[in-house]
Amino acid sequence: MATERTLSIIKPDATKRNLTGKINAKFEDAGLRIVAQKRIHLTPAQAGEFYKVHAERPFYGELCDFMASGPVVVQVLEGEGAIAKNREVMGATNPADAAPGTVRAEFAESVGENSVHGSDAPETAKEEIAYFFAGLELVG
Ligand code: CMP
């Protein structure tokens, strides 16, 4: 399997509870390498642009407000099949459905406040990484 990069976000519910290190340990234990990382505070408009694919969903407003409610840690994870591997480590979107040991099973509070985001496909990963990082910031 090819080496890939994926965009990960540690969301405000998790940064608020000081879980960044515990979540990063799960990524690293799974063989993912954090090749870029920064802590930022999004505006609702910046969150809205990132999640524009969900603009028609009923939860869009709530999602944008939540993502702007506190700091997030945006990061690029690299590894063999990193996109799928990260999704495995995160667990299902709804923590009620997430497998034991996954980030969302252990830490997520609800389907909305679900601790982490990860890209879902190579094309989205490329776009999402470019939204937050310049090429010079990616240090493999
Ligand atoms: P994420 O992987 O970041 O991608 C879109 C996000 O929308 C998703 O995680 C959830 O946090 C959020 N989301 C999905 N369904 C709902 C819902 N029913 N109510 C609120 N937020 C949701």
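**Entry 1: the strands**

I began with R5, which stands opposite E78 in β3. I kept in mind that this is a predicted model. R33 also stands opposite E78 in β3, so I wanted to see how the strands around E78 are arranged.

I looked up the pairing next. Strand β1, residues 3–10, pairs with β3 in the antiparallel sense over 8 bridges. Strand β2, residues 33–40, is joined to β3 by 7 bridges, and these two run antiparallel as well.

Is β3 enclosed or open? I checked its residues, 72–80, and found 8 of the 9 buried, so β3 is largely enclosed by the rest of the structure.

**Entry 2: H117**

I then turned to the UniProt record. Its unreviewed entry gives the annotation "active site" for H117. I found H117 in strand β4, which covers residues 116–118.

Is H117 buried or exposed? H117 has a relative accessible area of 13%, and buried means under 20%, so H117 counts as buried.

I listed the contacts of H117, leaving aside neighbours within four places in sequence. Among them are L7, S8, I9 and K11, and also F50 and Y51. N86, M90, R104 and E128 are in contact with H117 too.

**Entry 3: the largest pocket**

I looked for open space next. The largest pocket has a volume of about 830 Å³. It is lined by 29 residues, and those closest to its centre are Y51, V53, H54, L63 and H117. I was pleased to meet H117 again, the residue with the "active site" annotation in UniProt.

Which elements supply at least two residues each of the lining? I noted α3 (44–50), α4 (60–67), α5 (82–90), β4 and α7 (122–132). The largest share comes from α7, with 4 residues.

I also sorted the lining by character. It divides into 9 nonpolar, 9 polar and 11 charged residues.

**Entry 4: the annotated binding site**

Back in the UniProt record, I found the feature "binding site" (unreviewed entry) at K11, F59, R87, T93, R104 and N114. The lining of the largest pocket takes in K11, F59, R87, T93, R104 and N114 from this set.

I picked R104 for a closer look. R104 is found in helix α6, residues 103–107. Its relative accessible area is 7%, so R104 is buried. Leaving aside neighbours within four places in sequence, I found R104 in contact with residues including M90, G91, A92, T93 and P95. A98, N114, V116 and H117 are on the list for R104 as well.

N114 came next, in the loop between α6 and β4. N114 has a relative accessibility of 2% and therefore counts as buried. Setting aside neighbours within four places in sequence, N114 is in contact with K11, D13, T93, R104 and A108. I marked K11, T93 and R104 in my notes, since UniProt places its "binding site" feature at these positions too.

**Entry 5: T124**

My last stop was T124, in helix α7. I had already noted α7 for its 4 residues in the lining of the largest pocket.

How exposed is T124? With a relative accessible area of 24%, T124 is partly exposed.

How far is T124 from T6? The two are 118 residues apart in sequence and 8.6 Å apart in space, C-alpha to C-alpha.

Key. Residues are numbered from 1 along each chain as its sequence is written. This is a predicted model: local features need pLDDT of at least 70, side-chain atom pairs count only at pLDDT 80 or more; totals for chains, interfaces and linings use all residues. Side-chain values use heavy atoms; hydrogens and water are left out. UniProt positions are given in the numbering used here, feature names are shortened, and annotations may be inferred rather than shown by experiment. Buried means under 20% relative accessible area, exposed over 50%, partly exposed in between (1.4 Å probe, protein chains only). Contact means heavy atoms within 4.5 Å. On a 1 Å grid over the protein atoms alone, a cavity is a set of points where a 1.4 Å probe fits but cannot get out, and a pocket is an open set with protein on both sides within 12 Å along at least five of seven lines; lining residues have an atom within 4 Å of a point. Grid points are joined across faces, edges and corners, and a volume is the space filled by probe spheres set on the points. Ala, Val, Leu, Ile, Met, Phe, Trp, Tyr, Cys and Pro count as nonpolar, Asp, Glu, Lys and Arg as charged, and the others, Gly among them, as polar. Two strands pair if DSSP finds at least two bridges between them.
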